[in-house]
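Please open the model in a viewer and follow the selections below in order.

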Amino acid sequence: MGLGCVYPNRGVMATPEHLVRFGQQAEALGFETIWTSDHIVVPTAVRSPYPYHPTGQMPFIPTEPYLEPLIVMTYLAASTQRIRLGTSVLILPYRNPIFTAKALATLDVLSRGRITLGVGVGWMEEEFKALGLETYARRGAYSDECIRIFRTLWTEDNPAFQGEFHQFADIKCEPKPVQVGGIPIWVGGHTPQAIRRAARLGNGWQPIVQRPPADLPPDELRQNIAALREIAEASGRDPQSISIALGASVQFTDQASTGMFSGSPEQIAEGMRRYQDVGVQDFRLDFPTASPDGMLQAMERFAAEVRPQVI
């Protein structure tokens, strides 16, 4: 089983000091991956519903800093030795896919093969417009094409591509990633479209749980995993080759538990085991607290009191 932690690359945590401290502490505690998220601009007026809040309320404050994830990963790669680095998720339509493939391959080389690419299609139409993009309505098809371009540039000596949005030939794109077959791509999202994308194009699927309306209790997740594997097999892929990951917020509390990832260490471990039982192989955990010190303390407590119960 894999255990990763989320670096909140915005707000009070968005400083070089906090980034390095977080990365080195996560590595020292034995976490296997650090994950970071993606927004380039945050419009001051947003009508697009946020998909992980019951009323669609946006959780971001436009005036707070939000660090760019590829640069965050580069900084982390230079200040850590072992821990893997991932995006949860990189919004594919926001960047030219040829540039993104090049940047990620470079980062994989410089980190000696420590990159996992979590991908998403985006949800905030206002951000698309602010970036001058006209792909919001077709962001799913655009993202699928981006993934295919990455595979082409990462694995072919003479890459050529003829797609709806991009075409190229007679080029070289070196270096290739260190990882054989290219950087693993884990598809984010809980929708049927995301499940199909993971089954057909991804090396993994990484939804978020217990964020209504994306609750995904274990029984529902079991059904979704079965659907993913059925689609993968119908697409000529080995269903067992697709990693099943999960994102969740861990909160220690002495009060009555309100979810499977909150309460005592024993309650949190039990919630994790229930998801392991339905097929989850990797957990991506964030530790929401009021301060950077509180976050690191929660990570320490998890490593000492929860992890021994689930590994």
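Between helix axes, angles under 35 degrees count as roughly parallel, over 145 as roughly antiparallel, 65 to 115 as roughly perpendicular, and the rest as oblique. The model on display is predicted.

Select first helix 6 (residues 192-201) together with helix 7 (residues 218-234). Their axes lie 8 Å apart and form an angle of about 45°; helix 6 and helix 7 are therefore oblique to each other. The crossing of helix 6 over helix 7 is right-handed. To view the contact, display Ile195, Arg196, Ala198, Ala199 and Arg200 on helix 6, and Asn224, Leu228, Ile231 and Ala232 on helix 7. This contact comprises six nonpolar, one polar and two charged residues.

Next, select helix 1 (residues 16-28) and helix 9. Here the axes come within 11 Å and cross at roughly 5°, which makes helix 1 roughly parallel to helix 9. On helix 1, show His18, Arg21, Phe22, Gln25 and Ala26; they meet Pro292, Asp293, Met295, Leu296, Met299 and Glu300 of helix 9. Six nonpolar, two polar and three charged residues make up this contact.

Turn then to the largest nonpolar core, which has 74 residues; Phe31, Met272, Tyr275, Phe287 and Met299 touch the most other members. Helix 9 (residues 292-310) supplies the largest share of this core, eight residues. Centre the view on Phe31: leaving aside residues up to four places away in sequence, its contacts include Leu3, Cys5, Ile83, Phe287, Met299, Phe302 and Arg307.

Finally, select Tyr66, Trp123, Ile208 and Ala214, which are among the members of a second, separate core of 10 residues.

Terms used
Residues numbered from 1 in each chain as written. Predicted model: local features only at pLDDT ≥ 70, side-chain atom pairs only at ≥ 80, totals over all residues. Heavy atoms only, no water. Axes fitted to C-alpha atoms, helices over the stretch in contact; angles between N-to-C directions. Helix = DSSP H or I, 4+ residues; strand = E, 2+ residues; numbered from the N terminus. Left-handed = near helix turned anticlockwise from the far one by under 90°. Contact = heavy atoms within 4.5 Å. Nonpolar A, V, L, I, M, F, W, Y, C, P; charged D, E, K, R; others polar. Core = buried A, V, L, I, M, F, W, Y, C linked by side-chain atoms within 4.5 Å. Buried < 20%, exposed > 50% of the residue type's maximum accessible area, 1.4 Å probe, protein only.
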